[in-house]
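Biologist: I am new to this one and would like to learn how to read it. Could we go through it together, one feature at a time?

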Amino acid sequence: MPNKNILIIEDEENIAQLVSYNLIKAGFHVICAESGEEGLKLLKSAEIDCILLDLMLPGISGIEVCEVLKASEKFSGIPVIMLTAKGEEEDIVAGLECGADDYVTKPFSPRVLVARLKSVLRRSRRFLPTDKLPEQEESILIQELQINIGRHEVLLNGVSLQLTMTEFSILVLLAGRPGWVFTRQQIIDHVRGYDFLVTPRAVDVQIFGLRRKLGRAGEHIETIRGVGYRFKE
Ligand code: CA
């Protein structure tokens, strides 16, 4: 399986090195992150085919990383193999429950890890099934705004805007049902998994950024005091 890109999220340097060495020798491309935060950032900048995820990480845990991935439309299809300490059955169960595809307990044989990786890659469906394709081409057209959902693209009077994943996701939610009021909690529930939008205040910050990028079209996003936001045509 040449040319597959593997992201290793592991804070222990010697393990990351050992795994990298063996994967490169087996023909994989490898990219390493020392924390969950860094791993999630790297995911957005590279096309990753599988993630090897340590559970015990500084900052956000491997389980939390897995939850973020599996809640994300874009990344949920990427298979995850957890690296767990031997005998931590609770961790294994928690990891599999949050959507990991397989696990390997430390200390592990590099040959076993490579075999598991190949097996997971064979099983994985990296691409969406064809029956989902028409939906991918769906677009929302409201006056000067055109939102192409599948392509993650927003055009304002034909000019492409640079939105973050979270801003894009919020815009799709609001503009997808013009006139409907969404509470901050509903917005959080919708975008959770892209970035780390966890507080109602963070929603306000995102809306502020979104309005600014939309320029005059930002007036479509209306604040409903004490409730949330809505998109008006
Ligand atoms: Ca660790």
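Biologist: How many helices and strands are there in the protein chain?

Modeller: Keep in mind that this is a predicted model. The protein chain holds nine helices and 12 strands.

Biologist: And how much of the chain is buried?

Modeller: Of its 233 residues, 43% count as buried. The accessible surface comes to about 12700 Å², and carbon and sulfur atoms contribute 51% of that.

Biologist: What is the order of the strands in the open sheet of five?

Modeller: To read a sheet, go from one edge to the other and note each neighbour. Here the order is β2-β1-β3-β4-β5, and the pairing is parallel. The edge strands, β2 (29-33) and β5 (102-106), each pair on one side only. From one strand to the next, the twist averages 20°.

Biologist: Over how many bridges do β4 and β5 pair?

Modeller: Strand β4, residues 80-85, pairs with β5 in the parallel sense over five bridges. To see one of these in the model, find Thr84, whose bridge partner in β5 is Thr105.

Biologist: Which helix packs on the sheet and touches β1, β3 and β4?

Modeller: That is helix α3, residues 62-71, which touches β1 (5-9), β3 (50-54) and β4. The direction of α3 makes about 150° with that of β3. Helix α5, residues 110-123, lies across β1, β3, β4 and β5 and runs at about 170° to β5.

Biologist: How should I think about side chains in a strand, with helices packed on the sheet?

Modeller: As a general idea, side chains in a regular strand alternate between the two faces of the sheet. Now look at how covered β4 is: five of its six residues are buried, where buried means under 20% relative accessible area.

Biologist: What does β4 pair with on the β3 side, and over how many bridges?

Modeller: β3 and β4 pair in the parallel sense over four bridges. As a landmark, Leu52 stands opposite Ile81 in β4.

Biologist: Is the β-α-β unit of β3, α3 and β4 right-handed or left-handed?

Modeller: For this, follow the chain from strand to helix to strand. β3, α3 and β4 make a right-handed unit.

Biologist: One last thing: what share of the contacts with a separation of 6 or more comes from residues 24 or more positions apart?

Modeller: Such pairs account for 56% of those contacts in the protein chain.

Notes. Residues are numbered from 1 along each chain as its sequence is written. This is a predicted model: local features need pLDDT of at least 70, side-chain atom pairs count only at pLDDT 80 or more; totals for chains, interfaces and linings use all residues. Side-chain values use heavy atoms; hydrogens and water are left out. Helices (H or I, at least four residues) and strands (E, at least two) are DSSP runs, numbered from the N terminus. Buried means under 20% relative accessible area, exposed over 50%, partly exposed in between (1.4 Å probe, protein chains only). Contact means heavy atoms within 4.5 Å. Accessible areas come from the Shrake-Rupley method with a 1.4 Å probe; for residues, only the protein chains shown count as cover. Two strands pair if DSSP finds at least two bridges between them. Axes are lines fitted to C-alpha atoms, for helices over the stretch in contact, and angles run from 0 to 180 degrees between N-to-C directions. A crossover is right-handed if, with the strands pointing away from the viewer, the path from the first strand over the helix to the second runs clockwise.
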